[in-house]
Number of protein chains: 2
Amino acid sequence: MISSKKAGASQAVYQRIKEQILHLELAPGTAISEIDTAEKYHISRTPVRDVFKALESEGLLEIKPHIGTFVSLIDLDMISDILYMREVMEQAIFKDLSASYDKSQEFRIQLVLKEQKEIIESDLPIEEMSRAFIVADNRFHHTLYELAGKKNIITFFNAINSQYERFRTFINLGGKNDLLRLYHDHTAIWKCIASQDYDGLCDRISHHIYDGFNASALEVHKHPEYFKITKKQA
Amino acid sequence: MISSKKAGASQAVYQRIKEQILHLELAPGTAISEIDTAEKYHISRTPVRDVFKALESEGLLEIKPHIGTFVSLIDLDMISDILYMREVMEQAIFKDLSASYDKSQEFRIQLVLKEQKEIIESDLPIEEMSRAFIVADNRFHHTLYELAGKKNIITFFNAINSQYERFRTFINLGGKNDLLRLYHDHTAIWKCIASQDYDGLCDRISHHIYDGFNASALEVHKHPEYFKITKKQA
DNA sequence: TAATCAATACTTGTATACAACAATTGTGGA
DNA sequence: TCCACAATTGTTGTATACAAGTATTGATTA
């Protein structure tokens with residue numbers, strides 16, 4: 001859902017603020033007022049409000065009427081559910097793709113994998129390398145969705161994935177070792193798809209999605225004020 | 001995602017317009033201008049714009065800058081993907097619930113099922129009966145999500161389910177026979193969960209979700225102008 | 001008659017002033 | 001010193017005027 005193209009003027013501001021939040025340049029909990037933002041970008045409050053509303057619907061901002069607008073805290077419980085959804089959906093979709101596997105699709109994936117390898121082997125500074133890889137990472141998943149004829153589902157996930165991308169930045173999931181691991185996961189996942197190895201596929205997807213998340217429990221305590229305390233559900 | 005509580009004044013208007021769209025009182029394709037709406041509800045354009053933006057992000061309105069705002073066409077391709085997501089997610093979640101089945105949960109579901117039975121056996125006019133059942137239907141699914149400890153996922157689905165609910169109204173999925181079929185599906189699904197009959201569970205979920213949708217292909221041609229022509233993907 | 005093109009009426013986008021509300025501050029009194 | 005409470009400041013919510021773009025209309029002309 002979430003419209004892809006916004007009104008021209010405010011779209012740039014939307015992208016800029018979203019990036020700042022995702023890159024943690026705007027720390028979770030930070031107050032960010034409409035009028036300050038308007039002055040900063042030399043526009044009026046009206047388009048700023050539009051941007052804030054959009055970011056609120058993505059869970060990146062929290063608007064408290066007459067009090068203020070704040071960068072939302074990272075909700076681990078929410079992220080956990082998002083990852084569960086991704087796990088289940090990708091296991092199903094990639095399985096479908098595997099069942100209708102067509103050799104002519106091979107080059108599409110090989111292209112993406114090659115791109116990822118080149119990024120890792122490049123001499124970019126680690127920060128840029130990490131961000132470039134995240135883009136290529138998303139492309140890998142999106143290409144598989146597309147090949148499986150489930151393009152619309154990407155749109156849906158984009159709207160909620162922001163939450164997770166921010167956490168990913170926080171735990172600094174971007175060391176060269178991490179990227180290499182993700183790359184190897186990707187090649188292994190594609191191998192399972194191409195060879196119709198369903199059990200291996202499900203297993204690798206689960207690990208691919210959860211391993212980074214689970215390994216990061218300790219990192220949280222570096223900035224506990226960034227996180228939302230969730231009363232355990234169920 | 002999607003914030004549950006909006007600013008007081010505009011929330012009522014939001015609810016009212018959303019209902020009108022979902023009940024097809026505002027037909028797909030209809031133009032709906034900001035200023036007309038503002039006058040109709042005796043508010044200014046500003047809160048109306050907020051409402052429109054929110055409904056756009058749910059896929060119920062389409063805002064074309066400097067041209068107009070229109071009730072979105074029903075996108076069968078999108079609905080198809082939504083149903084696929086529901087199928088896959090519910091098969092997984094209900095399976096998890098079944099694996100950790102606890103007899104103390106029994107009464108929660110029985111309560112919901114009883115409510116549905118009473119609605120069907122009531123003497124409400126069919127239109128009201130149908131709407132009441134839809135509410136109880138959602139409660140059934142939500143209760144299962146909650147028991148499985150996946151409450152957040154409900155929130156995600158709510159944002160995109162609007163599309164499907166509108167289609168449901170269109171095909172008039174609300175005859176007594178339909179409601180009875182849905183009710184029997186529910187009891188059967190719960191039976192599978194309680195008895196850990198995984199294969200039966202998956203099968204029944206698939207039928208529960210798709211049967212009504214597939215049986216309605218003919219209805220579309222009664223109002224072809226309500227539907228979006230989608231170039232076949234993949 | 002047909003076609004060109006400018007005037008017009010409509011839309012949403014933006015700027016800005018004011019209203020409504022919440023939190024803080026500072027002042028007065030006990 | 002401590003407490004009560006009013007004034008102040010800051011925020012978002014709302015109303016309204018104007019800007020900018022689109023599509024229609026209608027007059028003018030070949």
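Here are a few worked exercises on the predicted model shown above.

Residues count from 1 along each chain as its sequence is written, while chains are lettered from A and ligands numbered from 1 in the order in which they are written. Since this is a predicted model, local features need pLDDT of at least 70 and side-chain atom pairs count only at pLDDT 80 or more, but totals for chains, interfaces and linings use all residues.

**Exercise 1. Work out how confident the predictor is in chain A.**

Step 1: Start with the average. Chain A comes out at a pLDDT of 91, and 94% of the residues score at least 70. (pLDDT is the predictor's confidence in each residue, from 0 to 100.)

Step 2: Look at the start of the chain. Over residues 1-6 of chain A, pLDDT stays under 50, and the model has 15 contacts beyond four places in sequence for this stretch. (A contact means that the C-beta atoms of two residues, placed from the backbone, lie within 7 Å.)

**Exercise 2. Describe the overall build of chain A.**

Step 1: List the elements. Chain A has nine helices and two strands, and from the N terminus on they run α-α-α-β-β-α-α-α-α-α-α. (Helices are DSSP runs of H or I with at least four residues, strands are runs of E with at least two, and both are numbered from the N terminus.)

Step 2: Check the dimensions. The C-alpha trace of chain A spans about 60 × 40 × 40 Å along its principal axes. Its radius of gyration is 19 Å, which agrees with the value near 17 Å for a compact globule of 234 residues. (That radius is taken over C-alpha atoms, and the globule rule is 2.2 Å times the number of residues to the power 0.38.)

Step 3: Split the chain. The domain assignment, which is automatic or from a database, gives domain 1 (8-71) and domain 2 (76-225) in chain A. Their centres, taken over C-alpha atoms, are 28 Å apart.

Step 4: See where the domains meet. Eight residues of domain 1 of chain A are in contact with eight residues of domain 2 of chain A. On the domain 1 side, four are nonpolar, three polar and one charged. (Nonpolar covers Ala, Val, Leu, Ile, Met, Phe, Trp, Tyr, Cys and Pro; charged covers Asp, Glu, Lys and Arg; the others, Gly among them, are polar.)

**Exercise 3. Take the hairpin of chain B apart.**

Step 1: Pair the strands. Strand 1 (residues 61-64) and strand 2 of chain B run antiparallel and are joined by four bridges. (Pairing needs at least two DSSP bridges.) K64(B) has G68(B) as its bridge partner.

Step 2: Sort the side chains. In a regular strand they alternate between the two faces of the sheet. In strand 2 (residues 68-71) of chain B, T69(B) and V71(B) point to one face and are buried, while G68(B) and F70(B) point to the other and are not. (Buried means 20 or more other C-beta atoms within 10 Å of the residue's own, exposed means 12 or fewer, and partly exposed is in between; C-beta atoms are placed from the backbone.)

Step 3: Inspect the turn. Three residues sit between the strands, and H66(B) in the turn has a positive phi of about 65 degrees. H66(B) is exposed, because 5 other C-beta atoms lie within 10 Å.

**Exercise 4. Find the positive phi at L24(B) and describe its setting.**

Step 1: Check the angle. L24(B) is not a glycine, yet has a positive phi of about 65 degrees.

Step 2: Place the residue. L24(B) is in the loop between helix 1 (8-22) and helix 2 (34-41) of chain B.

Step 3: Count its surroundings. With 16 other C-beta atoms within 10 Å, L24(B) is partly exposed.
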